[in-house]
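Biologist: I would like a close look at a single part of this model, described carefully and step by step. Please start from one strand pairing and work outwards from there.

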Amino acid sequence: MKSITKMMVIAVVMLVAASLFVAPATARVGAITNVANGDTVFVYESGLNLTNVTQTGATTITSLRKYTDDDPSKALLNEIPVANRANFEVLDAAVAGQYGVYYPFPGGAGGLAQTNNTVVIRDPTATLDVVLNQSHSDSVNGKSLTKASSIAFKITSPFVGANYKFTIGATTYYPGKMKVTLTTPLGGKITTFGTANYASIWVNSSQMYTDLSNSVNQASVLTNVEAGTYTAIAEWVRPTGFADYAADSNSVTFTVESQILKIESDKDTVVRGNNFVTTISGESKKNYYLYIKDASLTNINQYPIILVGQPSVNRSAAAAAVIGAFTTEDSGYEGTMAIVTTTASGTRPIEFNTTQLTDDRSFTIKVVDPLDASKYDDVKVKVEKGSVTVTASGDQTYFLGEEVTFSGTNTDSSNIYMFITGPNLNTNGERLDAIGTASVTGTVGTFKQVTVETDDTWEYKWDTAGVGLDAGTYTVYAVSQPNNKGSLTNVKYATVSIVVKKPFVSATTSASTVAKGDKLFISGTAEGNPTQGVAIWVLGKNYYLRATETVEDDGSFSYELTRGTTQTMASGQYFVVVQHPMYNDQFDIIPNLVGAVTWVRNVILGGGTNVFIINGAGSLQGSDAAEALVQAINDPNIDDTYTKLTFLVEEPWIQIDPIADKYVGDTFTITGTTNLAVDDELLVEVVSSSFKPTEKTQSGEFSGASGTIAITKGDTYNTWAFDVDAATFKPDEYIVKVESIEADQTATATFNVLAGAAPTTAPTAQPTAEPTGEPTAEPTAQPTAQPTATPGFGALIALIGLGAVAVLVLRKH
């Protein structure tokens, strides 16, 4: 520990030093080491005498204790041992970050409740800032300064400045001292900067400015300092414990620039209609004259204009008069000149606005020091006309009723004005979204106006349903101003050509014939984006159905006649009409239920007229109804279009092709035809006819095959096929059953599986041995080579010779 003697020496030095003298205040008495009740002490202090904070009735202090909420009746948060109350050192490790009120322990004669004395422990922190000498509220930390500036440092140490002091008589002494150390642009360390010495600064208040303190009492004038970036920190000098262990302040930086006055622009070139910003760099808190040099223009709107309401930018008539009297270079227009006051860092941004009326040329903007006209700078900014682009979505070919998206860019104005030209339209164009309205230059309402976004892009979705255009090729104009085709000489514009086609509908059925209980799909394409979809009319003898089907984004649609629907339909021919709503995107021919009958109604004719009965008593049937329907749609006042289809409904059937005799071990395919739909599933079973109930003494052997197959498309009728492997089959008669579960249809057939192997003698070789025709007797001898039991029910005795041959011949025929 540092000795009390050393601290007393420091106190004596303080008495004779040139420290700040202020009016008496609460402080330690006689010496900085004497601590009284309620005093504040700091970590890193040593040699402190705590005798005067001993609790009433107590004779010593063994520790300092900190409690929750500073309430001794609550939990103990920290305890600092006191070995000698007359020579106490505040160790940072003992405090452990627990700053605040501490109670000396023991509590005196009254016990723990006797806690009338306290001491406060703080950390000797300090912060640093660098400010303008003439404006302490303007920090220049991290900013640039000119050599015409003067600076000071602001030191804030709230606890040391207020509490690290002692009194002798009526005089208060502040023994805490700091210094400001600067790092130069070349890395050197200095405490003297400009005209001020910062090596010894008495800390005599919670916040202090060096240019006002008795220790320094002057600002740093930067006139002769080296240009570059400086870094500064505040460090403790006294007491020794602070100097050795307490943290330094934060660091601050500032840059001293050599150039006295300059002006820069954020853009060398600007498209008119956009803003740009110039920035002045000069002396701190100084007035400068800013103006656009005369460009010999006849109207103020042809110049960029200084925005109104910018801080410290005075563009008033009075300011213009002052500048006009100072120079003859200005444009002479109010709004193109201003008196500008720089910030603490010596800068000031000034924003200019341009419009479509601003002349496309270069402008010179000048800044000058009103106290010395030889100090000036200027910058050139070029204003250019913008540009306009336009594109159309897709391949630029559209069906009436579709939505077309036009998009593009516009750097010349804040709006796009659109019109269209084409066959039999006004020569100079018509409003895009109101065909028939001629576009007139200067009349905004005769154009489709679209707002340009902040990123200079624009977009417009044009719904062609009901626009009143016929099929043809058209040109769409996007213009930066409300000018028609005849007035495009001095404005920016772009064009895009589009082809408009009439919508149409096409359709097919998934099959020309459908079996009752099977599905049928009516699919096709409906161009023109009909939001109502398409109407499907199905008409037959005593049959009527109408439904609508949604059209997908790609123009496709598909309507399903379900199994349940076709199951109830009578066999015969049916007619399909697929109706498209066309340009007005509404069905103009619709069903109209009146009582028990359904009429076909023309919603256009006479405000709505029933044309004929399509369902119920007195209704037209089949082809007559279909023909009457298409004639109704063909009405010249109706824009709907249609396509016609037919299909047949038949009773479902399955046919099995003839099956020749097979031999055990053969692999073969059972085939057939059907009018059931492609991909429908069939259940095929091949079962031995011997499969039946047996006596307990019988073997009951069984062989066969089963499986599920899908119907495939055929030429005339659809086909099916089932592969059979007879390797495990027993010689017998077999029953083939083919069943459609969904259509409730079944077909059966039989064939024989014979014992032995199929003949191996090539049939074509036999006629060469007997050209007279005798080979016809040969097949009867083939089976005799394998004398086994013949097929049939039960076990039969094998026959020999001609008897066996006769049996086989009979079974085959």
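In which sense do strand β49 (residues 572–580) and strand β53 (residues 641–650) pair, and over how many bridges?

Modeller: In this predicted model, strand β49, which spans residues 572–580, and strand β53, which spans residues 641–650, pair in the antiparallel sense, and nine bridges lie between them. One of the matched positions can be named exactly, since Q579 has Y642 in β53 as its bridge partner. In general terms, the strands of a sheet pair through backbone hydrogen bonds, and they do so either parallel or antiparallel.

Seen in its wider setting, this pair belongs to an open sheet of five strands, whose order is β44-β53-β49-β46-β47 and whose pairing is mixed. The edges of that sheet are taken by β44 (513–515) and β47 (543–549), each of which pairs on one side only. Averaged over the sheet and with direction ignored, neighbouring strands are turned by 25 degrees against each other. A helix also belongs in this picture: α7, residues 622–633, packs on the sheet and touches β46 (534–540), β49 and β53, while the direction of α7 makes about 15 degrees with that of β49.

For a comparison within the chain, a second open sheet is built from five strands in the order β55-β61-β60-β57-β58, again with mixed pairing. There β55 (662–663) and β58 (704–710) stand at the edges with a single partner strand each, so one side of each is left without a neighbour in the sheet. Inside that sheet, strand β60 (residues 732–740) and strand β61 (residues 745–754) run antiparallel and are joined by nine bridges, and V738 finds its bridge partner in A747 of β61.

A helix elsewhere in the chain shows how packing against strands can be followed residue by residue. In α5 (residues 317–326), the residues A319, A320 and I323 are buried; they cover an arc of only 100 degrees around the axis, which puts them on the same side of α5. An α-helix has 3.6 residues a turn, so residues three or four places apart point the same way. The other side of α5 carries A318, A321 and A325, which are exposed, whereas the buried residues of α5 pack against β27 (287–292), β29 (313–314) and β30 (337–341).

Notes:
Residues numbered from 1 in each chain as written. Predicted model: local features only at pLDDT ≥ 70, side-chain atom pairs only at ≥ 80, totals over all residues. Heavy atoms only, no water. Pairing = 2+ DSSP bridges. Helix = DSSP H or I, 4+ residues; strand = E, 2+ residues; numbered from the N terminus. Axes fitted to C-alpha atoms, helices over the stretch in contact; angles between N-to-C directions. Contact = heavy atoms within 4.5 Å. Buried < 20%, exposed > 50% of the residue type's maximum accessible area, 1.4 Å probe, protein only. Arc of directions from axis to C-beta.
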